[in-house]
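Here are my notes on the model you sent, set out as numbered points. I have kept to what can be read from the coordinates.

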Amino acid sequence: MHKSISPMTSLRLTVLSAALLISGCSQTSLPQQPTGQVPIQTPSIASGPVATPEATLVTQSVPIPSALTAFTFLSPLNQAGAIDLSKFDPSLTSLLTVSVCRVSGGSCIPLASFTSTSAGSGQLRLDDSEGKYHANWSASTADLQVGQTVRISVSITTLTLGSADLTVLSSGNLRTPTGQLIAFNGNRTIPIKFSVNKSPVIRAHQLTVLGKSAPEIAAALKAEFNLAADVTAQLLKNELFNSTQIGTAMSGVFALGDLATATILKAIDFGATDVSTALKTVYSLADLANATILKTVGFVANEIAGAMKTVYLLGDLATGGVLKTLSYGADVIAGAMKLVFDLNGAATGAVLNALSFGANAITGALSTVYSLGGAAIGGILKAVGFGAGAITGALKDVLGLSANVVGGILQAVGFGAGAITGALKAVFSLSADVVGGILKVVGFGASAITQALSDVFSLGADALGSILKTLGFDASAITGALKAVFDIPAAAIGAILQGLGFGVNVIASALNAVFNLSGAALGGILKTLGFTATAIAGALQAVLGLTGDVVAGILNVLGFSASVITGALKAIYSLGGDAVAGILKGLGYGADAIAVALKDGLELGAAAVGGILKGLGFGASAIAGALQGLFGLTSGALSDLLGGLGFAAGVIKDVLCFFFFC
């Protein structure tokens, strides 16, 4: 490959020199470490020297010269070729090569080659007094055909100084592109004469071929051509010197400081890692000072991060610390972590957290760089130690998520109902019932919701019971929650349930399920709540499956009268007079009470009541006593009734005498 410099490169370096002239005298200013900064695992800026003194750069007033402009063929190849002895460069003899080839498509088939060591007339010779080089090409063995193109070129290794294409004519002569005819002599030989002026491009290449170092070449170019530093740097880069070698030349030959050298190296298309390597090697800069200059000359965060990783072997956290000190935000640092260190979102979140970025900044970075959603970001934020409130604020402020969505995310990443409640209240200013609804939707039960709302909103059992019912929880769930959170007795919870409009059976079922109450205890609570005997009996039968006699006993213990008990047994168990009376007698009720209960509760007449009483084993006197006053029976009616029940006449007479005085 032959080397060349484009006009654009030339123009760019001309402008660069002017810019460096303005900035050359200033010294790199390094930012101070922020107070309260998390310690970064990176060497202090004090561990290495700061910048070296700058020297004012001299602007290169003309573009970089081309090797082609310093070269000219002379007659006969170029009748217009002229020699300027004041500019002629006689030092190139040992390095020059004259090549002759035949053009064939995209290639050129070699025909002859001449150097200063060639034999015979083909030897390349210097005519210093006339300012030219001279070799002879004999085409006698070239087998040239009409229409073929012969190319004559002059080079120093890979650098072509000049070339000319000649067309073979039918006459055997050659024609230049300008139409000039060149005739072979009798030996079919053409003299190849050319002149080469002194050129910084050629000199740089010459010295490189001779094994000179970048500082040696720079010093020579400066001394001979008074080249500016930036132009010199470009020529050295063209000769494949690396950034450190060029930086050494800039420092040693031009006395440039770190910033000016970095500016030049970037302008000639060295990347951040190459520039950083040069700054570290040539100026012994520590990582932060180096990174500061890289940013100043226009490298972006990803490039700086790559340089810190490669040149200083910094890890992700230390590199992130450098970038933060340079005032890069969380999103930019996250991009560098992803691109340079191949970190995933979770690892980047941990780095950003260690660098003391807040939840909002980290959320924005993870969303922008990794395109993560709220759930993933919420999990990362929790993993690095942020609480529910901070996460909620970030998801709301940065991602614009609603309270319902945020509540679901908080639950999914492992926060409890209390933490979620506090966060939703603080960030979204929600009321207890709304928060409770969200907690239920995301899967929390009544007890967890009750505890959370009690802790955060300082609500009592009544208010929470109402919220739970509004949220659709049944009486048993409400009962369990109130017992677990407030440790209040069954009677108090029963009253709350009643106040919430639950029926007796529902209340009984809830209290039994949670407190495992006996029938008597449950009945007592229900009576305290004001439920009737019939309602209580129905609840005991439905919830506990108690029989009529057991329920009657409970009602009796609770102080209900025989008549009330009778009504309850009839309503709930559909019992007749005989069954009811038997239960009442079993409870210790006498004939009088039973008779009243049968009359009032079952609306039985005297004869029916009497028959039931006799069937229960009551005597004529007890039956008469129960019926006479209750039904207002006359002696005749009572006599007939007792007779109808089968009592003997003597017994009946004695009874009548007792009640009606014989």
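1. The model is a predicted one, and I begin with its open sheet, in which 6 strands are arranged in the order 3-2-6-7-8-9 with antiparallel pairing. Its edges are formed by strand 3 (107-114) and strand 9 (181-182), each of which pairs on one side only.

2. At one edge of this sheet, strand 2 (residues 96-104) and strand 3 run antiparallel and are joined by 7 bridges. Within that pairing, V103 has C108 as its bridge partner in strand 3, while S104 stands opposite S107. The hairpin made by these two strands has 2 residues between them, and G105 adopts a positive phi there, near 65°. As a general reminder, strands of a sheet pair through backbone hydrogen bonds, in either a parallel or an antiparallel manner.

3. Further into the strand order, helix 2 (residues 200-209) lies across strand 6 (149-156) and strand 7 (159-168), and the helix runs at about 110° to strand 7.

4. Helix 5 (residues 243-254) deserves a separate look: its 12 residues reach 15 Å from the first C-alpha to the last, which is close to the 16 Å expected at 1.5 Å a residue. At its N-terminal end the helix is capped by N242, a side-chain oxygen of which lies 3.1 Å from the backbone nitrogen of T244. Following the helix comes A255, and the phi of this residue is positive, near 55°.

5. Which residues of helix 5 are buried? They are S243, T244, I246, G247, A249, M250, V253 and F254, so that T244 appears both in this list and in the capping contact with N242. The cover over the buried residues of helix 5 includes helix 3 (214-225), helix 4 (229-238), helix 6 (258-267) and helix 7 (272-283).

6. The largest nonpolar core holds 217 residues, and the members that touch the most others are W137, L161, I192, F194, L613 and L642. Helix 11 (residues 330-341) supplies the largest share of this core, namely 7 residues.

7. Of those highly connected members, L613 can be followed in detail: once its neighbours within four places in sequence are left aside, L613 is in contact with A591, I594, A595, F618, I623, A626 and L627.

Note on methods. Residues are numbered from 1 along each chain as its sequence is written. This is a predicted model: local features need pLDDT of at least 70, side-chain atom pairs count only at pLDDT 80 or more; totals for chains, interfaces and linings use all residues. Side-chain values use heavy atoms; hydrogens and water are left out. Two strands pair if DSSP finds at least two bridges between them. Helices (H or I, at least four residues) and strands (E, at least two) are DSSP runs, numbered from the N terminus. Contact means heavy atoms within 4.5 Å. Axes are lines fitted to C-alpha atoms, for helices over the stretch in contact, and angles run from 0 to 180 degrees between N-to-C directions. The expected span of a helix is 1.5 Å times one less than its number of residues. Buried means under 20% relative accessible area, exposed over 50%, partly exposed in between (1.4 Å probe, protein chains only). A polar contact is a pair of N or O atoms within 3.5 Å; within protein, one must be able to donate a hydrogen and the other to accept it, and residues adjacent in sequence count only if both atoms are side-chain atoms. A nonpolar core is a set of buried Ala, Val, Leu, Ile, Met, Phe, Trp, Tyr and Cys residues joined through side-chain atoms within 4.5 Å.
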